[in-house]
Amino acid sequence: MKSIALREIKSFFGSPIGYLVIGLFLLLNGLFLWVFDGEYNILQSGFADLSPFFTLAPWIFIFLIPAVTMRSFSDEKKQGTIELLLTKPLSLWQIVNGKFLGSFLLIVIALIPTLVYVYVISKLGMQEGNIDMGRTMGSYFGLLFLVAAYTAIGIFTSTLSENQIVAFLLSVFLCFLFYFGFEGLSTYAKPYQDAVARIGMDYHFKSMSQGVLDTRDILYFISVTFLALYSTVFKLKSLKS
């Protein structure tokens, strides 16, 4: 598993992909949070918190993470190296987890520089240090769980087609459905509105963003991630047989 993860990370930084993903994520956040006028501009919000960042980041990741994961297995299938990969002395779970870990770590690396925002906002407050660190850290934890779920979904969709664009579009659709789709559908299911909303990631991410790490929210993200990875292993078994 470690060898697969290291190979993925090396491939990301051995090509423009890794640098492009990190640069694009930081550029988009920087422009919306500090430059462009609008509801996401922290300097215009009047509050010393990172709420605009945690509102914006999940939407950027809906497109950015599928762009990272779309080549995970689809490229192996297109190049004809999937059979070679599956014959390695590794279990399917080790292969899948290696691919998952490599992509996940790349996104984590992209997130690390945003910790500077915490320091800057802390300094910009009317009273220096006046920032809710509990809520901020809870939001970061929630974002990590969200990234894990997006990444697992992206890894799964990459097994469905050897065409990377198809894998990308499927991943974007599923990430959107799980993040916002159920929240939107809940408005049409009045008697079961809360139950339908709870199926979506947005509900649980917002809960964690309050600074309270509820076991139910953590189990939800772990379950979605595991289900996507299990589906990936199941699909690879059918390719192997």
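**First stop: the charged network**

Select Glu-8 and Arg-71, whose side chains meet in a salt bridge with a nitrogen-to-oxygen distance of 3.9 Å. Glu-8 belongs to helix H1, whereas Arg-71 sits in the loop between H4 and H5, so this pair ties together parts that are 63 residues apart in sequence. The model on the screen is a predicted one.

Next, consider how accessible these two residues are. Glu-8 counts as buried because its relative accessibility is 2%, a value under the 20% that marks a buried residue. Arg-71 counts as buried too, at 18% relative accessibility.

Keep Glu-8 selected and add Lys-99. The side chains of Lys-99 and Glu-8 meet in a salt bridge, with 3.0 Å from N to O. Here again distant parts of the chain are linked: Lys-99 is in helix H7 (residues 92-111) and Glu-8 is in helix H1, 91 residues apart. Both Lys-99 and Glu-8 are buried.

Now select Glu-76 and Arg-7. These residues form a salt bridge in which the closest N and O atoms are 2.7 Å apart. Glu-76 is in helix H5 (residues 74-79) and Arg-7 is in helix H1 (residues 2-13), and the two are 69 residues apart. Are these two residues buried or partly exposed? Glu-76 is buried, with a relative accessible area of 10%, while Arg-7 is partly exposed, at 36%.

Display Arg-7, Glu-8, Arg-71, Glu-76 and Lys-99 together: salt bridges that share partners join these residues into one network. In the whole model, the count comes to seven salt bridges. As background, side chains of opposite charge can pair when their charged atoms come close.

**Second stop: a charge over a ring**

Return to Lys-99 and add Phe-73. Lys-99 lies over the face of Phe-73, at 5.3 Å from the ring centre. Lys-99 thus appears twice on this tour, having also met Glu-8 in a salt bridge.

**Third stop: the aromatic rings**

A pair of aromatic rings is described by the distance of the centres and the angle of the planes. The count in this model comes to 20 aromatic pairs. For one example, select Phe-176 and Phe-180: the ring centres are 5.9 Å apart and the planes stand at 50 degrees, so the pair is tilted. Both residues are in helix H10, and because they are four residues apart, about one helical turn separates Phe-176 from Phe-180. Phe-176 counts as partly exposed at 35% relative accessibility, and Phe-180 counts as partly exposed at 35% as well.

Then select Phe-25, Trp-34, Phe-53, Phe-54, Phe-61, Tyr-117 and Tyr-140. Ring pairs link these residues into a cluster. Leave Phe-54 highlighted for the next stop.

**Fourth stop: the largest pocket**

Which residues lie nearest the centre of the largest pocket? Select Ser-51, Phe-54, Thr-55, Lys-206 and Ser-209 to see them, out of a lining of 18 residues. Phe-54 is therefore a member of the ring cluster and also one of the residues nearest the pocket centre, because the list of those residues includes it. The space in the largest pocket is about 310 Å³.

To see the walls, colour helix H4 (51-69), helix H9 (133-157), helix H10 (164-186) and helix H12 (201-208); each supplies at least two residues of the lining. H4 gives the largest share, four residues. Finally, colour the lining by class: seven residues are nonpolar, six are polar and five are charged.

How values were computed
Residues numbered from 1 in each chain as written. Predicted model: local features only at pLDDT ≥ 70, side-chain atom pairs only at ≥ 80, totals over all residues. Heavy atoms only, no water. 1 Å grid on protein atoms, 1.4 Å probe; cavity = no way out; pocket = protein on both sides within 12 Å on 5 of 7 lines; lining within 4 Å. Points joined across faces, edges and corners; volume = space filled by probe spheres on them. Nonpolar A, V, L, I, M, F, W, Y, C, P; charged D, E, K, R; others polar. Phe/Tyr/Trp six-rings, centres within 6.5 Å; stacked < 30°, edge-to-face > 60°. Buried < 20%, exposed > 50% of the residue type's maximum accessible area, 1.4 Å probe, protein only. Lys NZ or Arg CZ within 6 Å of the ring centre and 35° of its normal. Salt bridge = Lys/Arg side-chain N within 4 Å of Asp/Glu carboxyl O.
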